[in-house]
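Visitor: I would like to learn how to read a model of this kind, feature by feature. Where should we begin?

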Amino acid sequence: MAKRIEVSDLNIYYGNFLAVEGVNVSIEPRSITALIGPSGCGKSTFLRSINRMHEVLPGARVEGKVVMDGQDLYGSDVDPVDVRRQIGMVFQRPNPFPTMSIYDNVIAGNRLNNKRMKRAETDELVERSLRGANLWNEVKDRLDRPGSGLSGGQQQRLCIARAIAVEPDVLLMDEPCSALDPISTLAIEDLMTELKERFTIVIVTHNMQQAARVSEQTGFFNLNGVGQPGRLIEFNPTEKIFSNPDEKATEDYISGRFG
Amino acid sequence: MSTDTQAAPPAATPQEGPVRVQRKLPRYAPFGLFAGGVAVGAALSALTGFSVISTVVYGVVLGTVAVYAASRAVEGRRKATDRLVTSLVTTAFGIAMVPLVSLVWTVLDNGLARFDGQFFSNSMYRVVGEGGGAYHAVLGTLIITALATAISVPIGLMAAIYLVEYGTGRLKKAITFFVDVMTGIPSIVAGLFAFALFTLLFGNDFRAGVMGAVALSVLMIPVVVRSCEEVLKLVPNELREASYALGVPKWRTVMKVVLPTAVAGLGTGITLAVARVVGETAPLLITVGLITGTNLNPFDGRMATLPVFAYYQLTQPGVNEQAFLDRAWTAALLLIILVMALNVVARLISRFFAPTTGR
Amino acid sequence: MTVTKAPTEPPAQQRTIRRPGDRIFAGAARGSGIFILLVLAGVAAFLISEAIPAFTASSEEIPGGEGLGDYVWPLIAGTLLGAVIALLVATPLAVGIALYVTYYAPRRIATALGYVIDLLAAIPSVVYGFWGLAVLAKQLVPFHEWLDDTLGFIPFFAGPASTTGRTMLTVGLVLAVMILPIISAIAREVFGQAPALHREAALALGATRWEMIRMAVLPYGKSGVIAGAMLGLGRALGETMAVAIILSGGAGATLNVISNSSPSTIASNIALRFPEATGLGVNTLIASGLVLFVITLAVNMLARWVVNRRADFSGAN
């Protein structure tokens with residue numbers, strides 16, 4: 001299920017403003033790739049361009065190629081909606097649908113697309129997804145309660161359950177723990193380690209310990225100055241980035257000597 | 001800055017002596033002085049032939065002057081001006097309450113006489129004097145308003161969706177601007193438009209409830225657009241993104257995520273829009289007209305509506321004048337009740353249908 | 001694997017493909033927006049097309065026999081007269097109400113008081129007409145006489161004072177009550193938005209509440225009040241039923257606002273004459289409606305322009 005993603009010469013624009021320039025990277029299947037870097041360097045923008053979420057903003061566009069298992073996701077005959085069904089996403093702030101119960105939130109991807117399913121099938125899917133998100137035991141008795149009644153960490157795991165319920169190949173996570181307390185953060189990190197057996201995971205994080213703890217590969221984004229485009233400075237195995245990076249800028253950032 | 005800085009210097013140093021410490025009116029002094037002014041006003045009014053109106057007018061003026069003078073003497077010019085403005089501003093609010101209270105009282109007083117079962121069960125068919133009712137007009141108002149709502153809500157809601165979810169550039173700006181301008185179209189002009197439109201289509205003698213519904217829609221659509229637009233803007237963008245990220249197309253996201261999340265606000269806005277047009281008279285007067293019998297088909301012939309019924313009962317009374325006036329006031333009372341009920345319903349919708357947010 | 005098409009070279013600027021559902025829905029939304037613009041254009045177009053016979057007819061055929069200009073002119077004067085009285089009375093009151101609700105009323109009940117003022121806007125105009133005729137007109141008769149006695153030298157109050165109170169003055173006061181909630185709602189909004197920093201700075205300098213309002217609130221809210229007053233003016237110009245019920249019927253163009261021979265307004269004249277009008281009479285009334293439409297459109301566009309300009313500025317704050 002998990003797939004490899006090859007990005008080549010990717011330029012990302014907001015209107016006429018070049019936000020991210022010349023990204024070339026290869027993301028391995030069944031592994032966790034972390035993206036780190038200072039605020040505003042374009043790592044979230046890059047993440048959002050992988051599943052074509054970038055272009056939902058007015059005026060936003062992309063040049064270059066993102067190839068998943070031999071297919072260019074930006075090909076002229078590719079429907080962005082199909083891309084997003086294969087590449088799921090978890091956001092910075094947990095965002096369960098406030099009008100839906102926990103149960104309905106999990107199957108929202110199917111429900112919203114009017115996919116007909118038997119009751120037994122959806123029950124099975126909900127349990128499988130919630131178990132996959134390590135949330136089943138906490139919510140199995142109150143599946144009909146609103147999702148917004150859960151704690152922040154539980155809401156985020158509900159969002160992960162919702163994302164994996166549509167059975168994507170890749171899971172993108174945009175600072176999934178930044179709004180959570182340390183214990184919820186640990187729970188999500190454990191979950192990621194389990195999920196990488198089945199999915200290709202890309203995570204944007206500001207927390208370097210987190211990147212070091214969970215990821216196999218790490219990319220470092222940086223920009224030269226305000227108004228300049230962000231760039232991928234270095235992409236290497238996590239161990240190498242944190243012990244012996246190739247670039248001076250990476251070392252400065254990691255050792256806190258940045259800026 | 002053009003501030004008044006000539007305040008009496010001693011006011012800034014109240015610690016100089018016991019007299020200085022007292023340079024502030026006691027807390028209840030303004031109320032006492034004001035009451036004194038009102039009492040004198042009542043006396044003055046009694047001299048010139050007592051009336052409630054002159055008592056209140058003299059009283060408020062004298063009370064305000066009394067407070068100002070006392071404050072000026074004790075507290076200085078700046079503080080006195082401040083108190084004067086407080087009186088003026090409070091009076092302004094009080095003045096606005098007078099017509100509201102008077103109007104509601106008058107309508108209740110005159111309208112309750114015929115607020116009976118017959119009024120709601122009989123039409124004016126073959127009624128020349130007493131008796132009769134507004135059964136036909138109530139139904140006509142409901143039918144025409146419902147038709148206007150059925151026309152306005154889809155168009156207004158879709159236009160609001162366009163403005164919030166899709167609109168860009170000049171078309172969005174133009175629609176926003178002209179929707180605002182449209183809210184100011186006089187209702188009689190909307191009526192003339194509907195008349196001209198149907199006259200061109202079906203000839204001079206065509207009359208039907210749908211003409212009124214079209215005229216009301218012209219008035220209603222901009223209100224629906226504005227309120228729905230405000231509500232849709234409040235739906236957090238995160239929810240749209242969550243839906244897109246699940247591979248849901250934009251239109252399904254709008255239909256199944258954005259609209260359900262905003263449903264309480266949309267209900268409130270649409271109800272208020274209905275309340276705004278349900279009492280409209282002028283456009284119905286010149287398009288739908290009035291009949292004495294019951295016509296439930298909005299696509300053929302004149303219909304009776306409550307506002308037009310009230311207008312004609314008042315302005316063109318028949319043999320038994322009082323019977324006509326009573327019916328007119330009861331219709332007016334019913335209109336107010338209808339509008340107020342819609343306002344209350346709108347508030348209830350926003351209170352009870354708001355989605356529960358756990359944050 | 002749902003994406004099954006073979007990869008192709010992307011052109012430099014490709015269009016995103018959209019599903020049929022999306023295309024239909026977006027088209028319907030956009031179509032509704034355009035439809036509203038068409039309705040507004042349609043209002044103008046249909047009024048013009050039905051007014052043309054009145055423009056081309058000879059003077060004698062127009063009701064009154066003096067031509068369209070002489071027919072419409074007194075009505076325009078009456079319309080403006082009533083609206084101006086309403087505006088002069090309502091604007092200061094509305095500012096006072098807005099200040100009271102935003103800065104003077106006890107916090108706990110301020111919202112409720114604002115809601116009560118909004119109720120004034122909810123009452124149907126025909127009911128205002130009833131009230132104006134049955135209550136206000138009668139109560140104002142002594143006031144009319146007083147104006148005639150003391151201020152009779154001013155052309156507006158030349159008299160003879162009406163004994164029924166069904167005059168342009170009464171109409172203007174009823175219109176003032178009707179536009180009060182419109183002006184005060186907008187004034188309330190802009191006063192409430194006056195920057196807290198400025199207000200607190202004024203208070204910290206030892207200003208009294210009124211000085212704080214004069215320094216920090218009124219300058220900030222001025223354009224909002226102007227825009228609100230113009231929206232109120234637009235409403236007063238087009239108000240129909242209240243005027244039609246209170247005024248007994250039109251006469252010539254006169255500035256006298258306290259006599260029975262006050263001129264009618266465009267809107268009320270249409271409401272009174274339209275049901276019985278035939279032939280060219282209808283066209284003439286529609287032509288006068290077109291004049292009203294143009295006047296209110298101009299006033300509203302100007303008001304919206306002022307509001308939007310202000311919104312642009314406050315965005316920078």
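Guide: We can begin with burial in chain A, keeping in mind that this is a predicted model. Of the 259 residues in chain A, 49% are buried. A residue gets that label if 20 or more other C-beta atoms lie within 10 Å of its own.

Visitor: How many helices and strands are there in chain A?

Guide: Chain A has 11 helices and 10 strands. Its radius of gyration is 18 Å, close to the 18 Å that the globule rule gives for 259 residues, so chain A is as compact as a globular protein of that length. Along the principal axes, its C-alpha atoms fill a box of roughly 55 × 45 × 30 Å.

Visitor: What share of the contacts in chain A joins residues at least 24 apart?

Guide: The share is 69%, counted among contacts between residues at least 6 apart in sequence.

Visitor: Which domain feature does UniProt place on chain A?

Guide: An unreviewed UniProt entry puts "domain: ABC transporter" at residues 5-248 of chain A. That stretch is 35% helix and 27% strand, and its end C-alpha atoms are 27 Å apart.

Visitor: Now the sheet. In what order do the strands of chain A lie?

Guide: A strand order is read across the sheet, not along the sequence. In chain A, the order is 5-4-1-2-10-9-3-8-7-6, in an open sheet of 10 strands with mixed pairing. Strand 5 (71-72) and strand 6 (87-90) of chain A are at the edges with a single partner strand each, so one side of each has no neighbour in the sheet.

Visitor: Which strands does strand 1 of chain A pair with, and in what sense?

Guide: Take its two pairings in turn. Strand 1 (residues 5-14) of chain A runs antiparallel to strand 2 of chain A, and 7 bridges join them. Within this pairing, Glu6(A) is opposite Ser26(A). Strand 1 of chain A also pairs with strand 4 (residues 60-68) of chain A, in the antiparallel sense over 8 bridges. There, Ile5(A) is opposite Met68(A) of strand 4.

Visitor: What is found at the turn of the hairpin of strand 1 and strand 2 of chain A?

Guide: The hairpin has 2 residues between the strands, and Gly15(A) takes a positive phi near 60 degrees.

Visitor: Is the pairing of strand 2 with strand 10 of chain A parallel or antiparallel?

Guide: Strand 2 (residues 17-27) and strand 10 (residues 230-237) of chain A pair in the parallel sense, over 2 bridges. Val20(A) has Gly230(A), in strand 10, as its bridge partner.

Visitor: Let us move to chain B. How many helices and strands are there in chain B?

Guide: Chain B has 15 helices and 0 strands. The globule rule gives 21 Å for its 359 residues, but the radius of gyration of chain B is 29 Å, well over that figure, so chain B is more spread out than a compact globule. Its C-alpha atoms fill a box of roughly 85 × 70 × 40 Å along the principal axes. Buried residues are 49% of the 359 in chain B.

Visitor: Into which domains is chain B divided?

Guide: Domain 1 of chain B covers 9-110 and domain 2 covers 120-352. Their centres, taken over C-alpha atoms, are separated by 44 Å. The unreviewed UniProt entry places "domain: ABC transmembrane type-1" at residues 138-346 of chain B. This span is 78% helix and 0% strand, with end C-alpha atoms 21 Å apart.

Visitor: And chain C: what pattern does it follow along the sequence?

Guide: Each α in such a pattern stands for a helix. Chain C reads α-α-α-α-α-α-α-α-α-α-α, with 11 helices and 0 strands. Its radius of gyration is 26 Å, well over the 20 Å that the globule rule gives for 317 residues, so chain C is more spread out than a compact globule. Of its 317 residues, 50% are buried.

Visitor: How many residues of chain C are in contact with chain B?

Guide: An interface is counted from both sides: here 67 residues of chain C are in contact with 75 residues of chain B. On the chain C side, helix 1 (residues 20-56) gives the most, with 19 residues. By class, that side has 46 nonpolar, 13 polar and 8 charged residues.

Definitions and conventions:
Residues numbered from 1 in each chain as written. Chains lettered and ligands numbered in written order. Predicted model: local features only at pLDDT ≥ 70, side-chain atom pairs only at ≥ 80, totals over all residues. UniProt positions renumbered as here; feature names shortened; annotations may be inferred. Helix = DSSP H or I, 4+ residues; strand = E, 2+ residues; numbered from the N terminus. Domains from an automatic or database assignment. Contact = placed C-beta atoms within 7 Å. Nonpolar A, V, L, I, M, F, W, Y, C, P; charged D, E, K, R; others polar. Rg over C-alpha atoms; globule rule 2.2 N^0.38 Å. Buried ≥ 20, exposed ≤ 12 C-beta atoms within 10 Å, placed from the backbone. Pairing = 2+ DSSP bridges.
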